[in-house]
Amino acid sequence: MGDASDHADVGRFLRTPEGKKVLDRFTESLVGKSIAGVEYTHYSTGIGIVLSFHDRDLLDLAEAIEAFSVETLRRRYQRLLDREYGIDFPQLNANPSAAENASPVARFVCPECGASEAFCIETWQRLTYYPDGTVTEGDEGQQWDPDSSCCCESCLHEGVVGDFLPDGKP
Ligand SMILES: [Zn+2]
């Protein structure tokens, strides 16, 4: 824990406009609020601290720290960190990963927060309905295109698939 590569990845996240936006949103969620109470919870790792505000919002300090931990940043902002790594070490970035070739979703990056962890896509599927109530699926399965509605699971930013692709094309 806490080695040089962890330190470098946190630095890469912090220097990006996407990373700055994530922190700005966290700041906005707190500035101006006044603390109405403090509660303590019992975690196996220790005592948890939960702040409650006058507008009834809660802030679990352990959750907030976890959300900004290097492990979470790596999982949630993998593509963003890969991009920054490629800037630091361009000679090592020649080969796209296997996942990148497998699915266009592997290239998705949220234009709002830079996350690449999970996306909700509105899909359609062609089904064949028979009068007896039978329904069969075609071979194509679920489909979507650049105009399909898409949402970032990390920040709930909504747009269309094309907005989440670096070049706008799947
Ligand atoms: Zn997002």
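Two strands pair if DSSP finds at least two bridges between them. Keep that in mind for the hairpin later in this tour. The model on your screen is predicted.

**Stop 1: two domains**

Colour residues 1-94 as domain 1 and residues 96-170 as domain 2, following the domain assignment of the protein. Their centres, taken over C-alpha atoms, are 26 Å apart. Now look at where the domains meet. Eleven residues of domain 1 are in contact with seven residues of domain 2. Which helices supply the side of domain 1 that touches domain 2? Select helix H2 (17-30), helix H4 (70-76) and helix H5 (78-88): each gives at least two residues. H2 provides the largest share, four residues. Colour this side by class, and you find five charged, three polar and three nonpolar residues.

**Stop 2: the core**

Next, select Tyr77, Val109, Cys110, Cys113, Ala115 and Phe164. These have the most contacts inside the largest nonpolar core, which has 15 residues. H5 and strand E7 (149-152) each supply at least two residues of this core. Where does the core lie, relative to domain 1 and domain 2? Both domains give residues to the core, so it lies between them.

Centre the view on Val109. Ignore its neighbours within four places in sequence. Val109 is then in contact with Arg79, Leu80, Gly114, Ser116, Phe164 and Pro166.

**Stop 3: helix H5**

Two of those contacts, Arg79 and Leu80, are buried residues of H5. Add Leu81 and Glu84, which are buried in H5 as well. What covers them? Show helix H1 (4-15), H2 and H4, which are among the elements covering the buried residues of H5.

**Stop 4: the sheet**

Move to the strands. Three of them form an open sheet in the order E4-E7-E8, with antiparallel pairing. E4 and E8 are at the edges and have a single partner strand each, so one side of each lacks a neighbour in the sheet. From one strand to the next, the twist averages 30°.

Zoom in on E4 (residues 119-121) and E7. Three bridges join them. Cys120 has Cys151 as its bridge partner in E7. Ile121 stands opposite Cys150 in E7.

Now cross to the other side of E7. Three bridges join E7 to E8 (residues 158-160). Here Cys150 stands opposite Gly159. Follow the chain round the hairpin of E7 and E8, where five residues lie between the strands. Stop at Leu156, which takes a positive phi near 65°.

Then show the side chains of E7. Which residues are on the covered face, and which on the uncovered one? Cys150 and Cys152 make up the covered face, while Ser149 and Cys151 make up the uncovered one.

**Stop 5: Phe119**

Finish at Phe119, in strand E4. Is Phe119 buried, exposed or partly exposed? A residue needs 20 or more other C-beta atoms within 10 Å to count as buried, and 12 or fewer to count as exposed. Phe119 has 18, so it is partly exposed.

Select its contacts, leaving out residues up to four places away in sequence. Phe119 touches Val105, Phe108, Cys150, Cys151, Cys152, Glu153 and Phe164. Among these, Phe164 is one of the core residues from Stop 2, and Cys150 and Cys152 form the covered face of E7.

Last, put a distance label between the C-alpha atoms of Phe119 and Ser154. They are 8.2 Å apart in space, though 35 residues apart in sequence.

Note on methods:
Residues numbered from 1 in each chain as written. Predicted model: local features only at pLDDT ≥ 70, side-chain atom pairs only at ≥ 80, totals over all residues. Domains from an automatic or database assignment. Contact = placed C-beta atoms within 7 Å. Nonpolar A, V, L, I, M, F, W, Y, C, P; charged D, E, K, R; others polar. Core = buried A, V, L, I, M, F, W, Y, C linked by C-beta atoms within 7 Å. Axes fitted to C-alpha atoms, helices over the stretch in contact; angles between N-to-C directions.
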